Amino acid sequence: MTTDYLERGLHEFEHGNFKTAKEHFTQIIDKADDSDDISETLKRRAVCWHELGHYNDAIDDANRIIKLDPKSTSGYAICGNALTKLGKFEDALNVFRLGLKIDSNDPDIKNGLKGMQMDIMEGFEKNSKEGTYDAVKMSSQEPYPGDYELEILEREIMCKWGLNEFPALDLTIPDTQKAMREYQNAIQLKKAGNDKHALEKLRMALRYDPADFTLRGEIASLLHEMGEHREAFQHVQCIPGDFRLPKYWKIGGKILSALELPVHAEAWLRSGSKADKTDVEMPLLFQNIRVKRLYGPLTEGTKVNVVFTQYGRSIQAAEDIKHGDACFRDKAAVLAQTLDTIHVPACNHCAKCLMRAEDYFGKDVLARDAELRKIVHRHWPVRPTIECKGCGTQTIYCSTECRDESWSMYHQVLCTSVNPAVEQLHAVAAQYKTLARDNRCWKGLWNASYSPFVLAKIWASVICLAHNLATQEGRQMPTAADWTMAKSPFRKFIAYGSTSVIGVIPKMVQIMQEVFDNAHLPAHFRYKITNKEFDGRYYQASCNVQAFSDPAPPFSIFMRNMARDGKRDVVMPYTRAEPEDALFAGMFPLHACLNHSCDNNVEVLDGHPGVSVKARRQIKKGEELCTTYINTRMPRKERRAWLYRGYNFWCQCPRCKYEGDGPDKCTECGKVAKDDGRDKYPGCGKCHLAWYCSTGCQKAAWKKGHKRICKKC
Ligand SMILES: [Zn+2]
Ligand SMILES: [Zn+2]
Ligand SMILES: [Zn+2]
Ligand SMILES: [Zn+2]
Ligand SMILES: [Zn+2]
């Protein structure tokens, strides 16, 4: 009898019919007595339970196996696998460990551990998709440097408009009963959409009970809705701060924002957020006001706005933008030529290429060929090279304007004639190409694609600005407030780094510390760079630098002019090789607000000076502008891994949402091909980037969004 059940059970088991197999095995187990060895049958039944998704039953059987044979590892493997499926990873790990104590090489346990890791990874992917990152919470609501002066200015305006005065009101004999009745009438009218009459009733109610703060608040809200911001504010500020409910702080903030008084608006919203930490609208309003005043001046005259959403800053189209149109231009806050191209002459301040004809053709060639000389003379654009008055050829410019601006902004701290310690940075730049590279690092000196001068220029800019601020006030040494203010332009740039770089490039840390704090520098230029600040600036640069170069270098202008003149033949033998570009890395404040999408609608081009952002397709008003941080031709898995490692986010762009990772999983429903008894699923015939278990899934995905991103490769 038992053998009968066993045979049938094994047969069903081998054919994957776990439900029937399980029933046969149960017959054997239930009929067994103490003398029978049922551990093999229990093992098989446990596998059935597992395959059927009954993980707790599998665990029960596993425990029986362990009890029957404490030296067997299979009980532990079965139990660990079931716990994994239940998401109890820590318990699973403990069980696997017990199994490994019996046999540290057991293949089932090892596979179990591998499976658990995969499940953890998948869970991690799912969690990352939820977006644990909350931009609003991460953004500070501290007053911005320089706000104090602005606040005084706003207060003057508020006085002029009479915002702090009591609103005019005909008082009458107080009667709270009547006030209540009028208030209720007002509520009914407001509900019916009759704002004007509702307001009349509210005013009437206030005449009977002028000390009722709720009435004040409701009148303020209604007036604000009707566009009567000034009177609205008079009412809401009648409520003493201690009695102001969060919703009235919010109304006040909205009114002040509508009146274009951002510092006061921020202050009201800050108080409101503190009073009600559950309100999500206020912090968002706050950041939007802040973003508007910080970026408003940068976006003036462009086709874009900077806005703040729960994912952080982003750039939106302020109007419809046509395919190919320039959306905005951006000038670098700091820039430096990349070490790889340092030998190509270019303006240190604006990146203009200063290559002369003799740099390209060579002096000898020009001396030999008179005709070439003539053509060069006529067509090679003349760009004067202006040297620094202090360090000479070490730092060159395209114009005296660039030289003077550079000097006052940062070079007065970085000129070797003033600060000999900077020679160390020039030495790094000069040796860079010949230095041996190991493990993405040059002898503990440097490891980034941008030049360390980017960092040096940030610190030098901060120092010069702090000094200028102090001098304006007639002080020799900058105060703490001056330093905070001087650092503020760089607060626009986010920084993310998971580990410290101090240990990777210790020599550069030391050089920078010496450059900004040494005996040659006057006391007011000295600045101590802590390890923490070094890390912060390093990652700020790493996360934000954008490569760019002169869009019209002399060589291409020469070639264009010369071709028009029909002198190609004379020059051809000498112009086989294109000269190298003077490549720069810059930190651009507006460009830094562009978010990533693997389906980017803008591209970043060289502009002069700086970068220019162009639409790759039609962009509608209100749509977000997105660039790409990576090579978008990589498959989804790689793109996401790159973005996660490099920029700490899990890409949720339309492409990442509606493309899959491979044919073994349905892109739409997540079903695994193997579980479906299949080898793989067929892919989208057009793009081959998504795979579906059924036409139903394919149709659903197409409708939801695959349609938008599906392209013929
Ligand atoms: Zn220049
Ligand atoms: Zn100089
Ligand atoms: Zn993406
Ligand atoms: Zn599916
Ligand atoms: Zn497709």
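Buried residues make up 37% of the 713 residues in the protein, where a residue is buried if 20 or more other C-beta atoms lie within 10 Å of its own, exposed if 12 or fewer and partly exposed in between, with C-beta atoms placed from the backbone. This is a predicted model, in which local features need pLDDT of at least 70 and side-chain atom pairs count only at pLDDT 80 or more, while totals for chains, interfaces and linings use all residues. Residues are numbered from 1 along each chain as its sequence is written, and chains are lettered from A and ligands numbered from 1 in the order in which they are written.

**Overall form**

The protein has 30 helices and 12 strands; helices (H or I, at least four residues) and strands (E, at least two) are DSSP runs, numbered from the N terminus. The radius of gyration is 35 Å, well over the 27 Å that the globule rule gives for 713 residues, so the protein is more spread out than a compact globule. Here the radius is taken over C-alpha atoms, and the globule rule is 2.2 Å times the number of residues to the power 0.38. Along the principal axes, the C-alpha atoms fill a box of roughly 105 × 100 × 55 Å. Of the contacts with a separation of 6 or more, 62% are between residues 24 or more positions apart, a contact being a pair of residues whose C-beta atoms, placed from the backbone, lie within 7 Å.

**Two open sheets**

One open sheet has three strands in the order 4-8-7, with antiparallel pairing; two strands pair if DSSP finds at least two bridges between them. Strand 4 and strand 7 (546-548) stand at the edges, each with a single partner strand, so one side of each is left without a neighbour in the sheet. On average, and with direction ignored, neighbouring strands of this sheet are turned by 30° against each other, the axes being lines fitted to C-alpha atoms (for helices over the stretch in contact) and angles running from 0 to 180 degrees between N-to-C directions. Helix 22 (residues 452-472) packs on the sheet, where it touches strand 4 and strand 8, and its direction makes about 145° with that of strand 4. Both faces of strand 4 (residues 334-337) are covered, since Val-334 and Ala-336 on one side and Leu-335 and Gln-337 on the other are all buried.

A second open sheet of three strands has the order 3-11-10, again with antiparallel pairing. Its edges are strand 3 (326-330) and strand 10 (602-607), each with a single partner strand, so one side of each is left without a neighbour in the sheet. The twist averages 25° from one strand to the next. Strand 10 and strand 11 form a hairpin with two residues between them.

The antiparallel pairs of both sheets are listed below, each with one opposed residue pair.

| Strand pair | Bridges | Opposed residues |
|---|---|---|
| Strand 4 and strand 8 | Four bridges | Leu-335 and Gly-586 |
| Strand 7 and strand 8 | Three bridges | Ala-547 and Ala-585 |
| Strand 3 and strand 11 | Four bridges | Ala-326 and Lys-614 |
| Strand 10 and strand 11 | Six bridges | Val-602 and Ala-615 |

**Helix 16 and helix 26**

Helix 16 (residues 281-299) has a kink of about 35° at Arg-293, shortly before the proline Pro-297; the bend at a residue is the angle between axes fitted to the seven residues ending there and the seven starting there. The buried residues of helix 16 include Met-282, Leu-285, Phe-286, Ile-289, Val-291 and Tyr-295, and also Gln-287 and Arg-290. Just after helix 16, Gly-301 takes a positive phi of about 75°.

Phe-558 is placed in helix 26 (residues 554-564), and it counts as buried because it has 21 C-beta neighbours inside 10 Å. When residues up to four places away in sequence are not counted, Phe-558 touches His-379, Trp-380 and Pro-381. The C-alpha atoms of Phe-558 and His-379 are separated by 5.3 Å, although the two residues are 179 residues apart along the chain.

**Annotated spans**

UniProt, in an unreviewed entry, lists residues 39-72 and 73-106 as "repeat: TPR"; its positions are given in the numbering used here, feature names are shortened, and annotations may be inferred rather than shown by experiment. Over residues 39-72 the chain is 82% helix and 0% strand, with the end C-alpha atoms 10 Å apart. The feature "domain: MYND-type", also from an unreviewed UniProt entry, is placed at residues 666-710. That span, residues 666-710, is 33% helix and 0% strand, and its end C-alpha atoms lie 16 Å apart.

Definitions and conventions. Two residues are in contact if their C-beta atoms, placed from the backbone, lie within 7 Å.
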